[in-house]
Amino acid sequence: MLEDILPFLWLLPMGLFTGAYGALIGAGGGFILVPALLILFPNEAPEIVTSISLTVVFFNALSGTIAYARSQRIDYKIGVIFSLATMPGAVLGALATTAVSRERFNLLFGVLLLAIAAALVISPGKKSATRIAQTSYRSSGIGSLDFATSVIGALVSTAFGFLSSFLGIGGGILYVPALVYLLRVPVHVATATSLFVLMITAFTGSATHFVTGLFHAGTGRAVALSIGAVVGAQAGAVLSQKIHGEWIIRSLALALGLVGIRLLSQSLW
């Protein structure tokens with residue numbers, strides 16, 4: 001195992017940055033890691049890239065969840081509902097990665113990232129929505145979703161599970177906006193709860209890759225990146241307590257837009 005890891009120790013700083021930024025915005029870092037791996041390893045099959053990313057996202061989310069649990073910012077009721085609903089989609093998404101070419105994979109990923117970034121930037125009433133979420137959440141308390149909202153969240157999470165596992169991103173870039181704007185959860189609670197859900201989603205996708213034999217080719221890279229991500233997630237969780245929620249959303253939108261443009265350029269030219 002050590003011989004497999006040593007050639008990839010240069011990936012530790014990337015794992016550290018991915019873990020810190022991913023935990024800060026509740027996205028797990030997969031949306032950063034997948035494009036980076038696609039650029040660094042241009043001849044690697046999509047299923048290998050996604051298997052590496054999902055493994056790193058799992059350890060990043062696990063580390064971040066532990067940190068956020070200590071500060072009591074996780075809404076476990078929402079997290080459990082989303083996690084259970086996302087598991088079937090995560091399995092199907094992991095299996096579907098072998099059905100697309102590398103170029104089409106880049107194109108789909110790039111379009112998705114740009115669409116989410118645009119929605120976060122131009123969403124009408126964004127500031128008022130986050131303020132309403134903060135006020136209503138304080139008055140009703142953690143874990144107070146009604147039945148109808150829980151059903152909507154579960155249905156959305158099933159679809160997110162497929163997309164996140166298929167793309168190898170873990171799904172935080174999808175869960176955080178959904179929690180904030182659809183379920184009216186405050187940004188800081190949404191980022192913490194998102195990592196809790198990502199921990200389950202990424203584990204399900206990684207286990208599927210492992211059982212089907214897709215993971216083994218990326219073991220060394222996955223371990224090196226995961227070591228950095230575990231450390232980085234602790235730093236990101238601390239930083240998130242010092243940054244305003246609106247800036248976290250803006251940071252998420254900027255990162256998604258830049259990565260989406262890069263991937264589209266790779267797939268079209």
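Here a colleague and a modeller talk through a predicted model of one protein chain.

Colleague: Happy to be looking at this one with you! How many helices and how many strands does the protein chain have?

Modeller: Welcome! Read along the sequence, the pattern of the protein chain is α-α-α-α-α-α-α-α-α-α-α-α. The secondary structure therefore comes, with helices counted as DSSP runs of at least four residues, to 12 helices and zero strands.

Colleague: What is the mean pLDDT of the protein chain?

Modeller: This is a predicted model, and pLDDT is the predictor's confidence in each residue, from 0 to 100. In the protein chain, 84% of the residues reach 70 or more. The mean is 77.

Colleague: Over which residues does pLDDT stay under 50?

Modeller: Where pLDDT is low, the predicted coordinates should not be read in detail. One such stretch has 10 contacts beyond four places in sequence in the model, and another has four. The stretches are residues 128–133 and residues 138–142.

Colleague: Thanks, I will keep that in mind. What share of the residues of the protein chain counts as buried?

Modeller: Let's begin with the outside: the accessible surface of the protein chain comes to about 11200 Å², and 72% of that surface belongs to carbon and sulfur atoms. Buried means under 20% relative accessible area. Of the 269 residues, the share that counts as buried is 56%.

Colleague: Which residues have the most contacts inside the largest nonpolar core?

Modeller: That core has 71 residues. L256, one of those with the most contacts inside the core, touches F31, L113, I116, A117, L120 and I173, leaving aside residues up to four places away in sequence. The full list asked for is I25, F31, L113, I173, L252 and L256.

Colleague: Which side chains meet in a salt bridge?

Modeller: A search of the whole structure finds one salt bridge. Its N to O distance is 2.9 Å, which fits the cut-off of within 4 Å. The two side chains are those of R221 and E44.

Colleague: How many residues apart in sequence are the parts that this pair ties together?

Modeller: R221 lies in helix α11 (residues 219–240), while E44 is in the loop between α3 (30–40) and α4 (46–70). R221 counts as buried, at 6% relative accessibility, and E44 counts as partly exposed, at 21%. The parts tied together by the pair are 177 residues apart in sequence.

Colleague: Is T191 buried or exposed?

Modeller: T191 has its place in helix α10 (residues 187–212). Not counting residues up to four places away in sequence, T191 touches L24, I25, G26, Y68, R73, V176 and I248. Its relative accessibility is 0%, so T191 counts as buried.

Colleague: And S157: which residues does S157 touch?

Modeller: S157 lies in helix α8 (residues 147–167). S157 is buried, with a relative accessible area of 0%. Beyond four places in sequence, the residues that S157 touches are F82, A85, T86 and Y175.

Colleague: How far apart in space are A94 and E47, C-alpha to C-alpha?

Modeller: A94 lies in helix α5 and is buried, with a relative accessible area of 1%. Among the residues that A94 touches are S165, F166 and H209. A94 and E47 are 47 residues apart in sequence, and their C-alpha to C-alpha distance is 7.9 Å.

Colleague: Which residues make the nonpolar surface patch of about 260 Å²?

Modeller: One member lies in helix α5 (residues 76–96), namely M87. M87 counts as partly exposed, at 34% relative accessibility, and patches are made of residues with over 30% relative accessible area. The patch is made by V80, L84 and M87.

Colleague: One more on the backbone: what is the phi of Q72?

Modeller: Most residues other than glycine have a negative phi. Q72 is found in the loop between α4 and α5 and is exposed, with a relative accessible area of 67%. Although Q72 is not a glycine, its phi is positive, about 55°.

Colleague: Finally, by what distance are the C-alpha atoms of P7 and A224 separated?

Modeller: P7 is found in the loop between α1 (2–5) and α2 (12–25), and P7 is partly exposed, with a relative accessible area of 48%. P7 and A224 are 217 residues apart along the chain. Their C-alpha atoms are separated by 9.3 Å.

Note on methods
Residues are numbered from 1 along each chain as its sequence is written. This is a predicted model: local features need pLDDT of at least 70, side-chain atom pairs count only at pLDDT 80 or more; totals for chains, interfaces and linings use all residues. Side-chain values use heavy atoms; hydrogens and water are left out. Helices (H or I, at least four residues) and strands (E, at least two) are DSSP runs, numbered from the N terminus. Buried means under 20% relative accessible area, exposed over 50%, partly exposed in between (1.4 Å probe, protein chains only). A nonpolar core is a set of buried Ala, Val, Leu, Ile, Met, Phe, Trp, Tyr and Cys residues joined through side-chain atoms within 4.5 Å. Contact means heavy atoms within 4.5 Å. Patches are made of residues with over 30% relative accessible area and no salt bridge: like charges are joined within 9 Å, nonpolar side chains (Val, Leu, Ile, Met, Phe, Trp, Tyr) within 5 Å. Accessible areas come from the Shrake-Rupley method with a 1.4 Å probe; for residues, only the protein chains shown count as cover.
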